[in-house]
Amino acid sequence: MNNELYASDIRKVAQAALLNGHCITYEKARECWENYSDSMCAGWMRLPESTDDIWNCISGQFSEQKEIVESE
């Protein structure tokens with residue numbers, strides 16, 4: 001996958017997670033959206049406009065416990 005092509009999307013996914021108490025790495029954000037896209041039998045799904053809608057798409061990949069991941 002071309003991370004540069006989707007860099008803006010990946011940052012939006014990370015921001016949606018952060019706004020919901022999950023500080024994740026760039027790689028984790030890419031993985032979350034990739035997993036969501038795969039679950040819809042798609043290559044890379046276009047992101048919704050709002051961070052709330054993005055969060056609704058990926059929130060099932062997180063536990064109730066807030067996740068904090070240190071930068072590498």
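Which residues in helix 3 are buried? Keep that question in mind while the tour moves through the protein, because helices here are DSSP runs of H or I with at least four residues, and strands are runs of E with at least two, numbered from the N terminus.

Before selecting anything, note that this is a predicted model, in which local features need pLDDT of at least 70 and side-chain atom pairs count only at pLDDT 80 or more, while totals for chains, interfaces and linings use all residues. Residues are numbered from 1 along each chain as its sequence is written, and side-chain values use heavy atoms, with hydrogens and water left out.

**The whole chain**

Show the protein as a cartoon, and you will find three helices and zero strands, in the order α-α-α from the N terminus on. Of the 72 residues, 31% are buried, where buried means under 20% relative accessible area, exposed means over 50%, and partly exposed lies in between, with a 1.4 Å probe and protein chains only. If you switch on the surface, its accessible area, which comes from the Shrake-Rupley method with a 1.4 Å probe, is about 4,900 Å², and carbon and sulfur atoms hold 46% of it.

**Helix 2**

Next, select residues 26-39, which form helix 2. Its 14 residues should span 20 Å at 1.5 Å a residue, and the end C-alpha atoms are indeed 20 Å apart; the expected span is 1.5 Å times one less than the number of residues. Now colour Ala29, Arg30, Cys32, Trp33, Tyr36 and Ser37, the buried residues of this helix. They cover an arc of only 160° around the axis, which puts them on the same side of helix 2, the arc being that of the directions from the helix axis to the C-beta atoms. These buried residues pack against helix 1 (7-19) and helix 3 (51-58).

Stay with tryptophan 33 and display what surrounds it: leaving aside neighbours within four places in sequence, its contacts (heavy atoms within 4.5 Å) include Val13, Trp44, Met45, Pro48 and Ile58.

**The nonpolar core**

A nonpolar core is a set of buried Ala, Val, Leu, Ile, Met, Phe, Trp, Tyr and Cys residues joined through side-chain atoms within 4.5 Å. The largest one has 16 residues, and Val13, Trp33, Ile58 and Phe62 are those that touch the most other members. Helix 1, helix 2 and helix 3 each supply at least two residues of this core, with helix 1 giving the most, five residues.

**Helix 3**

Select residues 51-58 to return to the opening question: Ile54, Trp55 and Ile58 are the buried ones in helix 3. Seen down the helix axis, they fall within an arc of 100°, so they line one face of helix 3. What covers them includes helix 1 and helix 2, whereas the face turned away carries the exposed residues Asp52 and Asn56.

**The cysteines**

Finally, pick out some cysteines. Cysteine 32 counts as buried at 0% relative accessibility, while cysteine 23 is partly exposed at 34%. Cysteine 41, in the loop between helix 2 and helix 3, is exposed, with a relative accessible area of 76%, and its phi is near 55°, a positive value in a residue other than glycine.

How many disulfides does the count come to? A disulfide is a covalent bond between the sulfur atoms of two cysteines. With a pair of cysteine sulfur atoms within 2.5 Å as the rule, the count comes to zero.
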